[in-house]
Amino acid sequence: MALTDEQLIEAGVRTGLIEANQLERLKKDARRQRSPILPMILAHYRFPSTALYRAMAENKGIRFIDLNGRKAHAESLKKVPASLIKRKQLLPIIEGDNVLLVVSDPNDRGTIDTVQRLLGKQLELVMADVALLNLQLERLFANTSKETEVVDETDLVTLLDSIIREAYLNQASDIHFVTEEEGLRVRLRVDGRLRDYPVVADAAVAAGLVSRVKVLSGLDIAEQRQPQDGGFSYHLAAPIDVEFNVRVATAPTRLGERITMRLLGQDSGGITLTDLGMLPKDLERFKVAIEKPYGLILLTGPTGSGKSTTLFAALQEINDPEINIMTVENPIEYVMDGVSQIQIGHKISFADALRSLLRHDPDVLMVGEIRDHETADVAVKAAMTGHMVFSTLHTNNAVSAVTRLIDIGCEAFLIGSTLTAVIAQRLVRRLCIHCRKPHTATPAECELLGVADPVEIYDAVGCAVCQGRGYRGRLGVFETLWFDEHLSRLVAQGGSEDEIEATAGNNLQFMWEDGSQKVLNGMTSLAELQAVAMHKTHDMMRHT
């Protein structure tokens, strides 16, 4: 049998996953609303129920493993009645030369002793995601002769709601539906990494779920050979009780259509500049830059690097009833109170929308992306005529933003006279402060981090609080280029990227330098930094 809600909650309190004072308040709310306490806890802390099972494993001193790719031990299954395995949610699995016993309730000693006796040996007890355990048991004991049941619309609605709810609780940014030989495979992107979400869905269910998403998105369900894009607004019922936008993209594959859904604006109410992870010095300079009356501030980086989030936080910082802030986006990712937001479509482009906004007496303009000469020209000229303009570009570093604007067709003298700052960014996972493990940096690591003396840095471990990942949340790693009169003049005269880097001095901080400081501060690991940034510092520049 599975653990009770009370046992799971107690395990969460013991591991620090749940705060005792918050628990009492949530219990009072649950009694007043006559609703179960566990869903309220999951909604409040925004973590999935599997985190509490991991907490129980941690309390009992047993391992919590990932069942993906693990195989059941066939010989052991022959010795234990299938009814007992299914009823008590147990599974003997292979790990190298050993056999482990996955249990859903480590407190059920009677059942565990019975299984050990039937097998004739003591097996190491481990725990795993109960949903994944049930999925494996269902597949293992599936009656292949049984006809596939037709899933009605209500079932599809419930299934989609449970997937989106789980994605929200896991703080996922994307949901992937992929049709494979076995049926539907669902994956969630959490902190930049994909993980499987257990779901039983054959080809018929997969096709029905894809159609359900396409209907919600306003897409053509009869068109299955061409990619389509759309979106919809989704509301999760109480106790979560939130509404957010979902951007949808479909693509035909060999076995059927795949769908990628991006969950937008889940944290629209609470993102601030402090949350971004900027170091105090850069944060102060960024605040000064965004409060200037006019100029052009560009955020650069690949898709999914957090550019829109940084722009939103900057607009939140300067949002005031006395100024008129207007945005042009595709799509609108965050809803901002007091800000006029326009979403472009087939009938209106970034440039057309931007020209229209200039006739509405704006103080601050935000353009979702500069991708062509027309948009760049209007944005630069808007900055020239007394407006503060924010936008994004797809470039690898800060300095190359200047070259990119020139390639698009902007005049160098206009760029030099309008650019205020260029910030290139990437996202790294933030180390879990509850379980990170310190170690003395090796000489090679010290050299990479630019320090002479041995220092203490941290590695990821994994605990119940971070759900075994060793990381919890993400933060930005930034390359910052701040423009002063000298640098603006150099750009206006057509200076090259090498000349800008060589003469920028303290106005340019490379991404590796920023990330190294965050590694030394224990905010992230060296491995995370190496995954997103190249080893490049001003010391290296001086030697080249």
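How many strands form the open sheet that includes strands 13 and 20, and in what order do they sit? There are eight, running 13-12-14-15-11-16-19-20, and the pairing is mixed. Keep in mind that this is a predicted model. Besides that mixed sheet there is an open sheet of six strands, and the structure holds 25 salt bridges. Here's the tour, by topic.

**The eight-strand sheet**

- Strand 13 (340-343) and strand 20 (508-509) are the edge strands, and each of them pairs on one side only.
- Further in, strand 11 (residues 295-300) and strand 16 (residues 419-431) run parallel, with five bridges joining them.
- If you want a spot to check that register, look at L296, whose bridge partner in strand 16 is L419.
- Helix 11 (residues 280-290) lies across strand 11, strand 15 (388-393), strand 16, strand 19 (471-482) and strand 20, and it runs at about 60° to strand 19.
- Helix 20 (residues 511-520) packs on this sheet too, touching strand 16, strand 19 and strand 20, and its direction makes about 140° with that of strand 19.

**Helix 18 and its surroundings**

- Helix 18 covers residues 485-492, and its buried residues are L487, S488, L490 and V491.
- Looking down the axis of helix 18, those buried residues fall within an arc of 160°, so they line one face of the helix.
- What covers them includes helix 15 (400-408), helix 16 (412-418) and helix 19 (497-504), along with strand 16 and strand 19.
- E485 and R489 form a salt bridge, with the closest N and O atoms 3.0 Å apart.
- Those two residues are four apart in helix 18, which means that about one helical turn separates them.
- E485 counts as exposed because its relative accessibility is 62%, while R489, with a relative accessible area of 41%, is partly exposed.
- After helix 18 comes G494, which has a positive phi, near 85°.

**Salt bridges between distant parts of the chain**

- E528 forms a salt bridge with R429, and the closest N and O atoms are 3.0 Å apart.
- This pair links helix 21 (residues 526-532), which holds E528, to strand 16, which holds R429, and the two residues are 99 residues apart.
- Buried or exposed, what are E528 and R429? Both are buried.
- E95 and R63 also meet through their side chains in a salt bridge, at 2.8 Å from N to O.
- Here E95 sits in strand 2 (residues 90-95) and R63 in strand 1 (residues 63-65), so to speak a link between distant parts of the chain, 32 residues apart.
- E95 counts as partly exposed at 23% relative accessibility, and R63 is likewise partly exposed at 34%.
- R63 and E95 belong to a network of salt bridges that also links R70 and E124.

**The six-strand sheet**

- The order here is 7-6-5-10-9-8, and the pairing is antiparallel.
- Strand 7 (193-197) and strand 8 (228-236) stand at the edges with a single partner strand each, so one side of each has no neighbour in the sheet.
- From one strand to the next, the twist averages 25°.
- Strand 6 (residues 183-190) and strand 7 run antiparallel and are joined by five bridges; L188 has R195 in strand 7 as its bridge partner.
- Helix 10 (residues 203-217) lies across strand 5 (172-180), strand 6, strand 8, strand 9 (242-253) and strand 10 (256-264), running at about 90° to strand 8.

Notes
Residues numbered from 1 in each chain as written. Predicted model: local features only at pLDDT ≥ 70, side-chain atom pairs only at ≥ 80, totals over all residues. Heavy atoms only, no water. Pairing = 2+ DSSP bridges. Contact = heavy atoms within 4.5 Å. Axes fitted to C-alpha atoms, helices over the stretch in contact; angles between N-to-C directions. Buried < 20%, exposed > 50% of the residue type's maximum accessible area, 1.4 Å probe, protein only. Arc of directions from axis to C-beta. Salt bridge = Lys/Arg side-chain N within 4 Å of Asp/Glu carboxyl O.
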